[in-house]
Amino acid sequence: MKLLTAALLLLFIAMCLASAEGVKCKCSRKGPKIRFSNVRKLEIKPRYPFCVEEMIIVTLWTRVRGEQQHCLNPKRQNTIRLLKWYRVWKEKGR
């Protein structure tokens, strides 16, 4: 009986870990080219063992669509420029 309980507990823990891993890697598709003036928030999340590259999640605001989140490709030149611009913008205290 103890062996059966231990096996079920181990199976439950494995299922919980498997579902948590899929949640961490949000960027399966990359977002569109963006305007710097529409950026509300920028999040940089590190690479996880099951994600190929770091996640750059940007929150945009437009009058038509409201607030939206997009993943950006960290290797694109436009994303690199956005990161530099955002750091300067944050240092100015805006």
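These legends walk through several close-up views of a predicted model.

**View 1. The whole chain, with its two helices and three strands.** Start here to get your bearings before zooming in. Followed from the N terminus, the elements of the protein chain come in the order α-β-β-β-α. The protein chain has 94 residues, and buried residues account for 21% of them. Of the contacts in the protein chain with a separation of 6 or more, 45% join residues 24 or more positions apart.

**View 2. An open sheet of three strands.** The strands lie in the order 1-2-3, and their pairing is antiparallel. Strand 1 and strand 3 (66-72) are the edge strands, each pairing on one side only. From one strand to the next, the twist averages 15°. As a general reminder, strands of a sheet pair through backbone hydrogen bonds, in either a parallel or an antiparallel way.

**View 3. Strand 1 beside strand 2, an antiparallel pair.** Six bridges connect strand 1 and strand 2. If you would like a place to look, find lysine 45, which stands opposite methionine 55 in strand 2. Is strand 2 largely enclosed or not? Strand 2 is largely enclosed by the rest of the structure, because six of its eight residues are buried.

**View 4. The hairpin of strand 2 and strand 3.** How many residues lie between strand 2 and strand 3? Three residues lie between them in this hairpin. The antiparallel pairing of strand 2 and strand 3 runs over seven bridges. Two of the facing positions are handy landmarks. Threonine 59 has glutamine 69 in strand 3 as its bridge partner, and threonine 62 stands opposite glycine 66, also in strand 3.

**View 5. Helix 2 packed on the sheet.** Which strands does helix 2 touch? Helix 2 touches strand 1, strand 2 and strand 3. The direction of helix 2 makes about 110° with that of strand 1. For a closer look at side chains, turn to leucine 83. Leaving aside residues up to four places away in sequence, leucine 83 touches Leu42, Ile44 and Ile56.

**View 6. The largest nonpolar core, built from ten residues.** Its members are Ile34, Val39, Leu42, Ile56, Val58, Leu60, Leu72, Leu82, Leu83 and Tyr86. At least two residues of this core come from each of strand 1 (39-45), strand 2 (55-62) and helix 2 (77-91). Leu83, one of the core residues, is the leucine shown in the previous view touching Leu42 and Ile56, among others.

**View 7. A salt-bridge network of Lys41, Glu43 and Lys45.** The structure has two salt bridges by count. In one, the side chains of lysine 41 and glutamate 43 meet at 3.7 Å, N to O. Glutamate 43 also forms a salt bridge with lysine 45, where the closest N and O atoms are 3.7 Å apart. Are these residues buried, partly exposed or exposed? Lysine 41 is partly exposed, as its relative accessible area is 42%. Glutamate 43 is partly exposed too, with a relative accessible area of 22%. Lysine 45 is likewise partly exposed, with a relative accessible area of 24%. Lysine 45 may look familiar from the third view, where it faces methionine 55 in strand 2.

**View 8. Tryptophan 85 and tyrosine 86, a tilted aromatic pair.** The structure holds one aromatic pair. The distance of the centres and the angle of the planes describe a pair of aromatic rings. For tryptophan 85 and tyrosine 86, these values are 6.5 Å centre to centre and 50° between the planes. Tryptophan 85 counts as partly exposed because its relative accessibility is 28%. Tyrosine 86 is buried, since its relative accessible area of 9% is under 20%. Tyr86 is also a member of the largest nonpolar core.

How values were computed. Residues are numbered from 1 along each chain as its sequence is written. This is a predicted model: local features need pLDDT of at least 70, side-chain atom pairs count only at pLDDT 80 or more; totals for chains, interfaces and linings use all residues. Side-chain values use heavy atoms; hydrogens and water are left out. A nonpolar core is a set of buried Ala, Val, Leu, Ile, Met, Phe, Trp, Tyr and Cys residues joined through side-chain atoms within 4.5 Å. Buried means under 20% relative accessible area, exposed over 50%, partly exposed in between (1.4 Å probe, protein chains only). Helices (H or I, at least four residues) and strands (E, at least two) are DSSP runs, numbered from the N terminus. Contact means heavy atoms within 4.5 Å. Two strands pair if DSSP finds at least two bridges between them. Axes are lines fitted to C-alpha atoms, for helices over the stretch in contact, and angles run from 0 to 180 degrees between N-to-C directions. A salt bridge is a side-chain nitrogen of Lys or Arg within 4 Å of a carboxyl oxygen of Asp or Glu. Rings of Phe, Tyr and Trp (its six-membered ring) pair if their centres lie within 6.5 Å; planes under 30 degrees apart count as stacked, over 60 as edge-to-face and the rest as tilted.
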